[in-house]
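Subject: Handing over the structure

Hi there,

As promised, here is the structure for you to open on your side. Please have a look at it first, and then read on for my notes.

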Amino acid sequence: DTNILQNESINDNVFMVSFSIYSSSVNDIIALSSHSFYATNDHYYSNYYLKILEFFLGLSLCNVVYYSPFEVKVVATGYGFLNGIDISVDGKYIFLAETAGRRI
């Protein structure tokens, strides 16, 4: 089946305010459950020119944010241009694709 079905949206004010504090440029997410996930930010700055500067200077300012209905927090920092996230089959490991660092 090639259809995608949307079950739920998260758009309340608490989510938007708390998540936007930690997330300026969400690039990818990985669901942990129906109400929690990790998200990668591929840039620290939201300003277009600062994003370009950040990338070309190779600054490692990107982070990974965890969201659940009970908390939003940064769980990892110090990455350059995070461009993907995945989780191991057993759920023990998170894999990050870091473009600027050329590493997983």
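Below is what I found, going from the overall fold to individual side chains.

**Overall picture**

Please keep in mind that this is a predicted model. The protein contains two helices and six strands, and their order from the N terminus is α-β-β-α-β-β-β-β. Of its 104 residues, 30% count as buried. The accessible surface comes to about 7400 Å², and carbon and sulfur atoms account for 55% of that area. If you take the contacts between residues at least 6 apart in sequence, 35% of them join residues at least 24 apart.

**Strand S2 and its neighbours**

I would start with strand S2, residues 37-41. Five of its five residues are buried, so the strand is largely enclosed by the rest of the structure. Which residues cover which side? Phe37, Ala39 and Asn41 lie on one side, Tyr38 and Thr40 on the other, and all of them are buried, so to speak on both faces of S2.

S2 has a pairing with strand S1 (residues 26-31), where five bridges join the two in an antiparallel arrangement. Within this pairing, Ile30 has Tyr38 as its bridge partner. S1 and S2 form a hairpin, with five residues between them.

S2 also pairs with strand S3 (residues 62-68), again antiparallel, through four bridges. Here Thr40 stands opposite Val64 of S3.

The link between S2 and S3 can be followed at the side-chain level too. Asn63 belongs to strand S3, and its side chain makes a polar contact of 2.6 Å with the side chain of Asn41. Is Asn63 buried or exposed? Its relative accessibility is 10%, so Asn63 counts as buried. Its partner Asn41 is buried as well.

**The loop between S1 and S2**

Ser33 sits in the loop between S1 and S2. With a relative accessible area of 42%, Ser33 is partly exposed. Its side chain is joined to that of Ser36 by a polar contact of 2.9 Å. You may also like to look at Ser33 together with Ser68: they are 35 residues apart along the chain, and their C-alpha atoms are separated by 9.1 Å.

**Around helix H2**

Helix H2 covers residues 48-56, and at its start a side-chain oxygen of Asn47 comes to within 2.9 Å of the backbone nitrogen of Tyr49. After H2 comes Gly58, which has a positive phi near 70°.

**Aromatic rings**

How many aromatic pairs does a search of the whole structure find? The search gives six aromatic pairs. In one of them, the ring centres of Phe55 and Phe56 are 5.5 Å apart and the planes are at 80°, so this pair is edge-to-face. Phe55, Phe56 and Phe81 form one aromatic cluster.

The members of that cluster are covered to various degrees. Phe55 is partly exposed, at a relative accessible area of 36%. Phe56, at 68% relative accessibility, counts as exposed. Phe81 has a relative accessible area of 19% and is buried; the cut-off for buried is under 20%.

Phe81 deserves a second look for its backbone. The residue lies in the loop between strand S4 (71-79) and strand S5 (82-87). Its phi is positive, about 55°, although Phe81 is not a glycine. For context, most residues other than glycine have a negative phi.

**Charged side chains**

The count of salt bridges comes to one. Which side chains meet in it? They are those of Lys73 and Glu71, at 3.7 Å from N to O. Lys73 is partly exposed, with a relative accessibility of 37%, and Glu71 is partly exposed too, with a relative accessible area of 35%.

**Where to look in your viewer**

If you have time for a short tour, here are three stops:

- Asn41 and Asn63, for the 2.6 Å polar contact between their side chains.
- Phe55, Phe56 and Phe81, for the aromatic cluster they form.
- Lys73 and Glu71, for the salt bridge between their side chains.

Happy to talk any of this through whenever it suits you.

Best wishes

How values were computed:
Residues are numbered from 1 along each chain as its sequence is written. Side-chain values use heavy atoms; hydrogens and water are left out. Buried means under 20% relative accessible area, exposed over 50%, partly exposed in between (1.4 Å probe, protein chains only). Two strands pair if DSSP finds at least two bridges between them. A polar contact is a pair of N or O atoms within 3.5 Å; within protein, one must be able to donate a hydrogen and the other to accept it, and residues adjacent in sequence count only if both atoms are side-chain atoms. A salt bridge is a side-chain nitrogen of Lys or Arg within 4 Å of a carboxyl oxygen of Asp or Glu. Contact means heavy atoms within 4.5 Å. Accessible areas come from the Shrake-Rupley method with a 1.4 Å probe; for residues, only the protein chains shown count as cover. Rings of Phe, Tyr and Trp (its six-membered ring) pair if their centres lie within 6.5 Å; planes under 30 degrees apart count as stacked, over 60 as edge-to-face and the rest as tilted.
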